[in-house]
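Biologist: Could you take me through this structure? I would like to begin with charged pairs and then move on to the sheet and the buried side chains.

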Amino acid sequence: MAPSIPPIAYTNAFPVNQFVTVKARARNNTTGEWSPITEAAFALAAQPASSNNLVIAELMYHPPKETAAEAAAGITDSETFEFVRFMNIGAAPVDLSGVQFTVGITFNFSNGSIRYVAPGASVLIVKTPTSFQTRYGHAYDSLVAGEYSGNLSNSGERLRLQAADASTIRDSV
């Protein structure tokens, strides 16, 4: 069970000076009822993703064969452990909106669960989330933006990562 954090009533604006996710709700003082919780992410001076600030830092394209424990958990295809790790190499947060693979595998960050990547931070897309969690645990759950479709070829293939403005971030074999 998560620890209970007492609510804080704000009557004035509060400064946001770093990447932050704010969760809030309002209380009706007449009925005492709370509104549903709402959530928003804020990133100051976020830059659109480009070849200058976003790199493909890791491609797990030929994962080791499943272990006996993984096979016992019902995972019989090691390709389900594939993933791609991206890294923000810039000095400002990167906005992933509109970033997508257009050749090789299919994934659009506009449909993903992560919109911003802080400087020096990473974000992942995975072939099969349950397989990824079985192998790597839940320590990386907050970095997983979503599940891509297609497979990373073990013998090489062309991958094209496109920015929101349709410019090429990475195009490689």
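**Charged pairs, sheet and buried side chains**

Modeller: Asp171 and Arg158 form a salt bridge, with their closest N and O atoms 2.7 Å apart. Asp171 belongs to strand β13 (residues 168-172) and Arg158 to the loop between β11 (144-147) and β12 (159-162), so the pair ties together parts that are 13 residues apart in sequence. Please bear in mind that this is a predicted model.

Biologist: Are Asp171 and Arg158 buried or exposed?

Modeller: Asp171 counts as partly exposed because its relative accessibility is 40%. Arg158 also counts as partly exposed, at 41%.

Biologist: How many salt bridges does the structure hold?

Modeller: There are six salt bridges. One of them joins the side chains of Glu58 and Arg85, at 3.1 Å from N to O. That pair links distant parts of the chain, with Glu58 in strand β4 (residues 54-60) and Arg85 in strand β5 (residues 83-88), 27 residues apart. Glu58 is partly exposed at 31% relative accessibility, and Arg85 is partly exposed at 24%.

Biologist: Which residue forms a salt bridge with Glu66?

Modeller: Lys65 does, and the closest N and O atoms of the two are 3.5 Å apart. Glu66 is buried, with a relative accessibility of 15%, whereas Lys65 is exposed, with a relative accessible area of 64%.

Biologist: Turning to the sheet, what is the order of the strands in the open sheet of four?

Modeller: The order is β4-β5-β10-β11, and the pairing is mixed. Strands β4 and β11 stand at the edges with a single partner strand each, so one side of each has no neighbour in the sheet. Ignoring direction, neighbouring strands here are turned by 20 degrees against each other on average.

Biologist: In which sense do β10 and β11 pair?

Modeller: Strand β10 (residues 122-126) pairs with β11 in the parallel sense, over three bridges. Within that pairing, Ile125 has Gly146 of β11 as its bridge partner. Helix α2 packs on the sheet and touches β4, β5, β10 and β11, its direction making about 120 degrees with that of β10.

Biologist: Which residues does Phe132 touch?

Modeller: Phe132 lies in that helix, α2 (residues 129-136). Not counting residues up to four places away in sequence, Phe132 touches Thr80, Phe83, Leu124, Val126, Gly137, Tyr140 and Val144. The C-alpha atoms of Phe132 and Phe83 are separated by 8.1 Å, although the two residues are 49 apart along the chain. Phe132 counts as buried because its relative accessible area is 3%.

Biologist: On to buried charges. Where does Lys127 lie, and what is the nearest side chain of opposite charge?

Modeller: Lys127 is in the loop between β10 and α2. The nearest side chain of opposite charge is that of Glu82, 6.0 Å away, and Lys127 is buried without a salt bridge. A polar atom of the Lys127 side chain lies 2.8 Å from the backbone oxygen of Gly150. The Lys127 side chain also has a polar contact of 3.5 Å with the side chain of Asn151. Leaving aside neighbours within four places in sequence, the residues in contact with Lys127 include Glu79, Thr80, Glu147 and Tyr148.

Biologist: And Arg160, is that residue with or without a salt bridge?

Modeller: Arg160, in strand β12, is buried and has no salt bridge. Asp171 provides the nearest side chain of opposite charge, at 4.1 Å. A salt bridge requires a side-chain nitrogen within 4 Å of a carboxyl oxygen. The side chain of Arg160 does make a polar contact of 2.5 Å with the side chain of Thr168. Beyond neighbours within four places in sequence, Arg160 is in contact with residues including Gln100, Phe101, Thr102, Val103, Ala166 and Arg170.

Biologist: You mention Ala166. What is its phi?

Modeller: Phi of Ala166 is near 75 degrees, a positive value in a residue other than glycine. Most residues other than glycine have a negative phi. Ala166 lies in the loop between β12 and β13, and at 44% relative accessibility Ala166 counts as partly exposed.

Methods:
Residues numbered from 1 in each chain as written. Predicted model: local features only at pLDDT ≥ 70, side-chain atom pairs only at ≥ 80, totals over all residues. Heavy atoms only, no water. Helix = DSSP H or I, 4+ residues; strand = E, 2+ residues; numbered from the N terminus. Buried < 20%, exposed > 50% of the residue type's maximum accessible area, 1.4 Å probe, protein only. Contact = heavy atoms within 4.5 Å. Pairing = 2+ DSSP bridges. Axes fitted to C-alpha atoms, helices over the stretch in contact; angles between N-to-C directions. Lys, Arg positive; Asp, Glu negative; His and termini not counted. Polar contact = N/O pair within 3.5 Å; in protein donor to acceptor, adjacent residues only side chain to side chain.
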